[in-house]
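Got the viewer open? Switch to a cartoon view and keep the selection box handy.

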Amino acid sequence: MVPRNGSIAVVGGGVIGLSCAWRAAAAGFDVTVHDPAPGRGASHVAGGMLAPVTEAIPGEEDVLALGSASLLRWPDFAAELAVAAGREPGFRTEGTVVVAHDPADRAELDRLADYLTRVGREVEVLRGRALHRTEPALGPAVRHGLSVPGDLAVDNRALLAALLAACRQVGVQMQPSRCEALPAADVVVLAAGAHGGTLHPALGAAIRPVKGEILRLRARRGALPPPSRTVRAIVGGRQCYVVPRDGGRVVLGATQYEVGFDDAVTAGGVRCLLDDAERVLPAIAEYALEETSAGLRPGSPDNLPLIGELEPGVIAATGHNRNGILLAPLTADAVLALLRGTPVPPETRPADPARLTCGQVAKEQLTSADASQGSHPRSPGWRSEP
Ligand SMILES: Cc1cc2nc3c(=O)[nH]c(=O)nc-3n(C[C@H](O)[C@H](O)[C@H](O)COP(=O)(O)OP(=O)(O)OC[C@H]3O[C@@H](n4cnc5c(N)ncnc54)[C@H](O)[C@@H]3O)c2cc1C
């Protein structure tokens with residue numbers, strides 16, 4: 001436990017570091033964020049889905065529980081942030097549809113529906129006209145879908161702007177430089193995303209960069225408007241998603257590659273995303289392509305983040321992989337509990353980094369960040385890639 005006005009150094013000002021910094025400073029701690037480019041990193045690139053259910057993977061029930069617990073916190077988190085920052089963080093509640101393109105994709109969609117029903121999640125099967133009534137932007141070839149009203153979204157860039165403003169309001173200091181070692185403070189919170197591995201030996205073998213490319217488009221005059229909710233699609237066994245933003249804009253993502261710290265956008269990645277999205281939302285072909293970008297997700301060996309004490313005075317808040325935007329409210333609550341010496345939310349217990357040292361995660365799952373494998377533009381099966 002840190003005294004109420006104790007000093008906290010947060011290394012990394014992405015969505016995780018800024019959320020922790022805002023909550024800790026609002027609770028009375030003296031907080032400094034160290035980051036040469038706060039508000040950037042993977043958080044700036046992300047799609048912004050808050051989607052634990054449509055992200056669910058059989059066998060990763062702890063990830064589903066963690067994501068669901070964080071999603072429950074999102075409405076209050078967004079409302080409090082809007083007040084603290086004096087600006088909207090871009091929280092959207094229209095829900096999500098998942099659609100299948102061909103018969104094999106349909107089988108994959110049915111497996112997802114079965115799994116979600118088994119674990120007690122709310123999904124509604126939609127066919128033909130009912131599907132098109134729900135989401136008129138879908139192309140005529142798309143006949144099978146699931147409605148998942150509880151999976152939401154946020155404009156990640158509006159969110160980061162709001163977090164930076166809220167941090168300023170509660171007196172968080174910004175140190176615009178890169179840390180080569182742990183800064184001096186009563187407690188250091190390590191939230192440097194995919195780069196966290198260099199800052200502590202316990203993270204070196206656990207955190208690896210997982211590259212993702214993403215496109216930002218805008219509906220031009222005369223083109224069919226974008227979908228009103230997030231559309232996730234299985235197309236030829238691959239995943240893509242389209243997340244609406246204000247002003248007729250959409251975010252289209254995302255590829256997934258294990259190529260170390262390479263963050264270049266590739267022509268093949270862009271082509272693949274556009275081809276797949278057009279098959280389910282044909283109007284995309286008419287849209288203006290405003291931006292292509294790539295980011296590095298902080299991957300962990302078991303797809304759970306690392307949230308907890310690494311040693312006295314050093315807390316990890318990293319490894320959020322595909323779900324860092326979703327998991328920001330819960331991570332900030334857990335870090336605040338650790339600073340206060342109170343119990344962490346129960347759903348975050350499986351994310352305790354102690355699992356990496358006490359043998360719960362097999363040695364072969366621990367890889368060094370620079371031992372990345374080859375390039376995998378998309379992974380097979382029901383595995384989405386935000
Ligand atoms: C293409 C793509 C799509 C995604 N879509 C979604 C989605 O839809 N929903 C979702 O929940 N998640 C999504 N994610 C994942 C999400 O973006 C990440 O999990 C999340 O951004 C991680 O946040 P972070 O703060 O840990 O890391 P980052 O956002 O990467 O921030 C890390 C920060 O640390 C700083 N830093 C690094 N090293 C140092 C150092 N030595 N000293 C000081 N500062 C340092 C960097 O400058 C950076 O600002 C997506 C990711 C990608 C790439």
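Here is a short tour of a sheet, some helices and the shell around a ligand.

Before you click: this is a predicted model, in which local features need pLDDT of at least 70, side-chain atom pairs count only at pLDDT 80 or more, and totals for chains, interfaces and linings use all residues. Residues are numbered from 1 along each chain as its sequence is written.

**Stop 1: the sheet.** Helices (H or I, at least four residues) and strands (E, at least two) are DSSP runs, numbered from the N terminus, and two strands pair if DSSP finds at least two bridges between them. Select the open sheet of 6 strands, whose order is 9-2-1-10-17-16 with mixed pairing. Strand 9 (173–175) and strand 16 (306–311) are at the edges with a single partner strand each, so one side of each has no neighbour in the sheet. From one strand to the next, the twist averages 20°; axes here are lines fitted to C-alpha atoms, for helices over the stretch in contact, and angles run from 0 to 180 degrees between N-to-C directions.

Now pick residues 7–11 and 30–34: these are strand 1 and strand 2, parallel and joined by 5 bridges. Ala-9 sits opposite Thr-32 in strand 2.

**Stop 2: helix 1.** Add residues 15–26, which lie across strand 1, strand 2, strand 10 (187–190) and strand 17 (314–318). Helix 1 runs at about 165° to strand 2.

**Stop 3: helix 3.** Go to residues 61–85 and look for the kink of about 40° at Trp-74, shortly before Pro-75. The bend at a residue is the angle between axes fitted to the seven residues ending there and the seven starting there. Trp-74 is also among the buried residues of helix 3, as are Leu-71 and Phe-77 (buried: 20 or more other C-beta atoms within 10 Å of its own, with C-beta atoms placed from the backbone). The buried residues pack against partners including strand 8 (152–154), helix 6 (156–169) and helix 9 (324–340), where contact puts such C-beta atoms within 7 Å. Right after helix 3 comes Gly-86, with a positive phi near 70°.

**Stop 4: helix 9.** Here the bend is about 35°, at Leu-330. In helix 9, 14 of the 17 residues are buried. Gly-341, just after helix 9, has a positive phi of about 75°.

**Stop 5: the ligand.** Which residues come nearest to the ligand? Of the 45 around it (C-beta atom within 6 Å), they are Gly-14, Gly-41, Gly-193, Gly-212 and Gly-324. Helix 2 gives the largest share of the shell, 4 residues.

Key
Contact = placed C-beta atoms within 7 Å. Buried ≥ 20, exposed ≤ 12 C-beta atoms within 10 Å, placed from the backbone.
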